[in-house]
Amino acid sequence: MESLNTGDSRPDLEARRMELRGTIRLASEVIAQYWPMRTFVHHNPLHSLEYLPFAETVRRGRQYVGGSGYLPGEMYRRYLKSGRILVRHIDDAVAPLAREHDVSLGPCRISHREVLRACLTHELCVSAEEPLDRLMDFDPNEEQVESLAERLISFSFPTVKEQMATMIREDLAALGRHTTLSSWCDRTLGTQIVQQINDELIKWCEAFLDEGHATWSMPKRDEGLYAAWKRLAEKEWATCGIAESRRKIASLPDHPEDAVLDCLEALAIPVEFRQDYLALQLAALPGWAGFIKWRAEEHGYPWQQAHPVGLVKFLAVRLWYVRELVGKACREELGIQGNYRAVSTYMEQHPNAYFMRKERAAARLPAVYAERVDRLHARTRDSREEASALSHEWEQLTTRYQMEYGPRHEQAARRTIARRLLMLAQALEIVPTVFMESSSAQLKVLADWIDGFPESAHGPVWLKALEAGYQDQLFDMLLRAPAPPQSAAPEDQPPVRPHSQSVFCIDVRSEPFRRHLESTGANDTYGFAGFFAVFIRYRAWGKEHETEQFPVIMRAKNEVREIPRSYLDHYLSKHQSRAKLIHAGHTLLHDLKENVVTPYVMVESLGWFYGLPIVGKTIVPDWYKRMTGWIREFFVPPIATSVTVDKLSPAETEEMVGSEHRAVIWKALRDRFGLRGSRIDPEFVEALRRRSLDEDAPVEPFLSQAAKRADLTPEQLTAFVHELREDHRINRRAAARQKEKITRTGFTLEEQVITVETALRMMGLVRNFARLVFFCAHGSTTENNPFESALDCGACGGNEGKPNARVIAAMANRPPVREGLARRGIELPSDTHFLAGQVDTTTDDVQLFDLEDVPPTHRKDVSRLLEDLREAAQLTSRERCTRFPEIKTALSPSQALACVRKRSADWSQVRPEWGLSGNTTFFIGRRDLTKGLNLAGRVFLHSYDHREDPTDRLLEVVLTGPQVVAQWINMEHYFSAVDNEVYGGGSKIYHNVVGRLGIMSGPWSDLRLGLARQTVMNDDMPYHEPMRLLTLVEASRARIEKLIARHEILQHFYHNEWVRLAALDPEDGTWYCYMPWGVWQRVRTFQDE
Amino acid sequence: MQAWMTPWLLIAICSIGAAFAFLMRSSLSRMKTVALSTTVTSLLAVIASSALNESLPGMPFLWLLPLAAFLSLLGQPVHQENRIAWLMTLVLLGIGLGILTAQEPVRQVLLVALLGALGALLYRHHVSRHQSSMMPDVWRGLGAFLVGMVSAVLTLVLPFPGSAVATLVACATLLPLFPLHGGFIAVLTGLPGNLPAFLILLLPALGFHTLVLVLPNLTATMLRTAMLLALTGACYASLRALIQSQPLPRLGYAGLSFLSLLWWYVADTGAAPQSAAVYLSAVSLSMSGLLLAWYSIRARYGDIDLRAVGGLAYPMPRFSTLLALLGLAALGMPPFGVFSGFIGLLLNPAFSPSGSFIIVMIIWLSASWYVMDLVQELVFGPQRSDMRYEDLRRTEFVSLLTLILLLLILGIAPSPFFQPDGLMPPVTAATKSVTWNP
């Protein structure tokens, strides 16, 4: 194959490559990044298009990935039937579309608005096809339909020729922009090229992107996707039946950009269509392409560094298949070239053949005509007759089809209209005879109104009605709430000191827990993003990898490690050796399972052993879990740890690096020369270290002597030092890197003060501190659940928030930090102690950490808090159990607790908890406004006191940080609920983990994008009512407007209708809604009206 | 009652019924009731005749045919397009019962009449529906029926072995044998209403009946030729069934494939044991069920492409369940009749496995693919939002359910209906113990 290199000069080529990369970047807007499942991040699957209005983005989503942006009309009608949507909501939502027209039929006047409403409520626009020659019993109810259809005889319908002309006009316009050549072939010739290409790409992506799941990994991955594919695919015997595939692949250009450009040239895609065309190619596999998009942007990601991949490479592979398979299909089936020009010409010059083939492929022809088309098509294919020679026969076939079926189609269309008109009569409670006696012109107007409002246009109206229904209910509650809005000045009167103040994540699951905790006594609660303003990378004790404990839209510069408490030195080695033993056992079993030979023996010898876990997990999951936990703790008892909050001084850093070096040298001496403890002099080790770090310095005499004492010759010594430098990385550069890394650990005092202050100020907790302030993170415990990180804390990057809670509590308890806070105006009483804990959202169990740091004076307070937390957990479990569909009766608190624990341990449970399903609203304001209200776990509650934020800086942070995260969560749930097959993850029943990075349905599919069906659906109705996020802010309108003007993201949210905003203006204590066109409207509830 | 009277009585009942139904044509529901009553009456007449005449030939097809006619009529919607199918069902039932019970030469005359009626019906129906051009399958079908008619006439006039060959050819047009299967395929794919579902039992039953009669007269060469044609036909039919995109031809070729196996067995062993009749009945009834099931779709949505429907499991659960069961029965899963019939054939002492058995197994495996593919296409997949789904009505449900029960009975306890005792003696030296008796 001729490469682009031949004809182009070097700078031109580079410019073209650069231009192509830009085009691909723009094309990739239609797909969202796909985070690996171990850090599942809720996000909007159409996130990159948020700069467009919501409705337009939904339209593009349909165009590119084929997803629906709204629930089916049938589901909205069920909401209407159940009273969740009221007719007045529909009337309000439909008002902007209604024209001031009406039609008089006898004594009745029917307005356009009434017709539109009937279309929504009575399925008038459901386009049920009338069968052409139905043979069922004659239904008496059909008599009216038939007689009204007779009256519509004057209506005209497009003939086959007219339909053909329209189809060709539309298809010509869509080719390249909305339709790829491969889809064109599939739709016209009945081929399955898109599926074939997808299957190939899935095969290659699955193998290439694997992150340690595969026992045998794909070779040549270090060369990148395109090069690795080339190296392996050119060895395939027959790639998709493409002739000479080996030669063709071998002759592909080395640069993926060149390969893409070659293919686009060969496919003759016009330059102005290329972005759309490439977008369509990416959207064919949005999961894999989305993961590649994410990985390509994560330059520091170890797997990306090892096996580089990017969308250009992905497209280079994909487009090669497209070019070859489209070329093959067009040549063999139509005798034309497989490119844009040839295909366009074919549609223009052979309209009859094209029309009939397409109708055949779409299964729209009667069986007898399908057979005739097949026969004629076979003649084109087999006899190699010129397409033009058969044109006449295609035309004859079309004419015959029109003659034979044209009248039947017209009759069917008349019946459809008649049926709709009669349904309209029924919806408007008009007797059908009125319609029978009306003129066809009047009926035509009504029919046109119905046609003009097809089911596909109903979604936005239904959505507004659904949102209005919820909004009414919520504002009614808020207006009934007892707490009056406060004035701009803080209260002078000191309030009563609460027993405790607990800070929970803004996660909607915290709302019921907070409500119940408040109900147990004088416990105040606050809401704050679950990372508590602590941006850290965290490495747990005994773990090799760090977790990123902050929202994915942020970055962290501090690291925190979990280390054993200092008094455990003597116990530590025992713990470590046991943990190693367990780890080695696991590794051994894993290797035995994955080896080529050993499984045969292992099944026989150890297979029965696996029966115990199977039986235990299946029959007594809760008991089994407790038992295995107990055994684990028996063998490897947990150890008390602390977190490294403070930064190390330079001397300490130096000492830490030195210790690590010394340990390595000591081990190397033992391994290399068999020296034992007594023969290794610490000074000798230190001298070796110094020598390794400074190769320019002369050899110390002491080192030579010590080496001699250890029976090492000078040559051995030199070789050993070289080994230490090269193999064990004990050299100056590596030491500098280590030191730099260590200095990232912990926080400076200033950083600690700022962190604590930010957290406290943002949630308005700056005075009246209780004796206990409890930072409560959250996590979850589930079995056999690849989506487990989706249940953890989104603000902590899909991890549990325990480290963040421990770090902030540790910071806030430090006297120097308190002094710093005092200087900044936050006086923490000396008897206030900060405590860290974590609630398990699956079991509602609460765990407290670092209790040994609690002063003895606070034991009673902790004990009381624990009691209250336990009670709150039981009440929360009981409330949650009422939402599980299979639990029909009310459970007692203890039963409820047992029930949720069982769900947590049950490996067959597809719905251990509802997670964030049901979320609707993001509330930014004082808890007083919502206290006591049952918000049903649907509201993100972020504490904010506008009086503590004179500069709006805190509100700005909340609106541009936590609100964005909430909107991502909301949109993830929204799209997963409205079209679970496209935007969601499908049913969990078919899920398979692939490459330790994502989920496939069955053994072979695209990576599933969003949430599983069981997470958002309750049977066939959504549990998560799909509505856009409603943000409620307690702040003045002017201040909010200022922030909107300052931030583009906020403009996108509110003006493009991604988020609805309402504000409680402290000036007049009134709720206002922010309109997409930038004005505020007073919230009117049903009672007002 | 005299034995010679039986065929005339049965023909008369059906003819009178058909005439009466014709008079009732202005009221479709009455017409259907008359047609159903006629089938019931003919069944009662068969039972009465068999009680009076112990050596009544043609059992158990004598009772199976009226039953199949009844079941195929029962599920039919009351629609004027079905009138001709109802009338012809009665006429063909009468002729069929006559052929089973009559002696020569009346049998051959009735055979000619049957083939002539089918040819005429095929021609008329095709011309009325597709005025313009005749489909090749129809031409082939008419040709096959013409050959069958000529052969039936030649049977009467030619001496042995010419008459035996002529009879064999005639019965090859009924119990389809490659390359004379055209008529069988044409009627299954081209006739209206319930006729395909009825004829898929009637034609093979009559063909088998005729074959058994002529079997003692067939030479080894004839049997070998028939066996080769049967294996070729089975392979050909399997391939054709695999590539069909529409259900009717797929089922037609599937029927041909399965019935070719019966030809192969009879030609290979030179015997027609009781299990051969079980096998034939079960294959025909299961195919009949599938044809009726497809007809219920066709009645709702017109003559549409198979790919235009799908995802019926949820909106049409009764239909989907029965279709899946019929599919399983058709491809020979236990406990249905096809399985037990085929196993019965294999366990018969007359059968000794040979190399050709591998071909039979491949044919069977391919059947499991295309039959289940048909079921899968209809039952699974996405639903269409623009289609109004309506599950089986009561009569359709009863009709299909009864067929499944019959298949179950044939699979579990065929003996009461396929009594070997009292039937005619064995026909070849190869199998003298348990053979089919016409």
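Two strands pair if DSSP finds at least two bridges between them. With that in hand, here are five close-ups of a predicted model.

**View 1. The hairpin of β1(A) and β2(A).** Here strand β1 (residues 102–105) of chain A meets strand β2 (residues 108–111) of chain A; the two run antiparallel and are joined by 4 bridges. Look for A:V103, which has A:I110 of β2(A) standing opposite. The turn leaves 2 residues between the strands, and in this hairpin A:G106 adopts a positive phi near 55 degrees. As a general reminder, strands of a sheet pair through backbone hydrogen bonds, in either a parallel or an antiparallel way.

**View 2. Helices α7 and α18 of chain A, packed at about 90 degrees.** Helix α7 spans residues 160–174 and helix α18 spans residues 351–361, and their axes lie 10 Å apart. The angle makes α7(A) roughly perpendicular to α18(A), because 65 to 115 degrees counts as such. On the α7(A) side, the contact is made by A:M164, A:M167 and A:I168, while α18(A) brings A:P351, A:Y354 and A:F355. Sorted by class, this contact has 6 nonpolar residues, with no polar and no charged ones.

**View 3. An open sheet of 6 strands in chain A.** Reading across, the order is β13-β12-β18-β19-β20-β21, and the pairing is mixed. At the edges sit β13 (939–943) and β21 (1080–1082) of chain A, each of which pairs on one side only. From one strand to the next, the twist averages 25 degrees. Zooming in on the β21(A) edge, strand β20 (residues 1070–1074) of chain A pairs with β21(A) in the antiparallel sense over 3 bridges. Within this pair, A:Y1072 stands opposite A:R1082 of β21(A).

**View 4. Helix α41 of chain A across four strands: β12, β13, β18 and β19.** The helix covers residues 962–978 and lies across β12 (921–925), β13, β18 (1029–1034) and β19 (1059–1065) of chain A. Relative to β18(A), helix α41(A) runs at about 155 degrees. These strands belong to the sheet of the previous view, whose order includes β13-β12-β18-β19.

**View 5. Where chain A touches chain B.** How many residues of each chain take part? On the chain A side there are 17 residues, in contact with 20 residues of chain B. Helix α19 (residues 367–382) of chain A supplies the largest share of the chain A side, 3 residues. As for the character of that side, its residues divide into 11 nonpolar, 1 polar and 5 charged.

Methods
Residues numbered from 1 in each chain as written. Chains lettered and ligands numbered in written order. Predicted model: local features only at pLDDT ≥ 70, side-chain atom pairs only at ≥ 80, totals over all residues. Contact = placed C-beta atoms within 7 Å. Nonpolar A, V, L, I, M, F, W, Y, C, P; charged D, E, K, R; others polar. Axes fitted to C-alpha atoms, helices over the stretch in contact; angles between N-to-C directions. Parallel < 35°, antiparallel > 145°, perpendicular 65-115°, else oblique.
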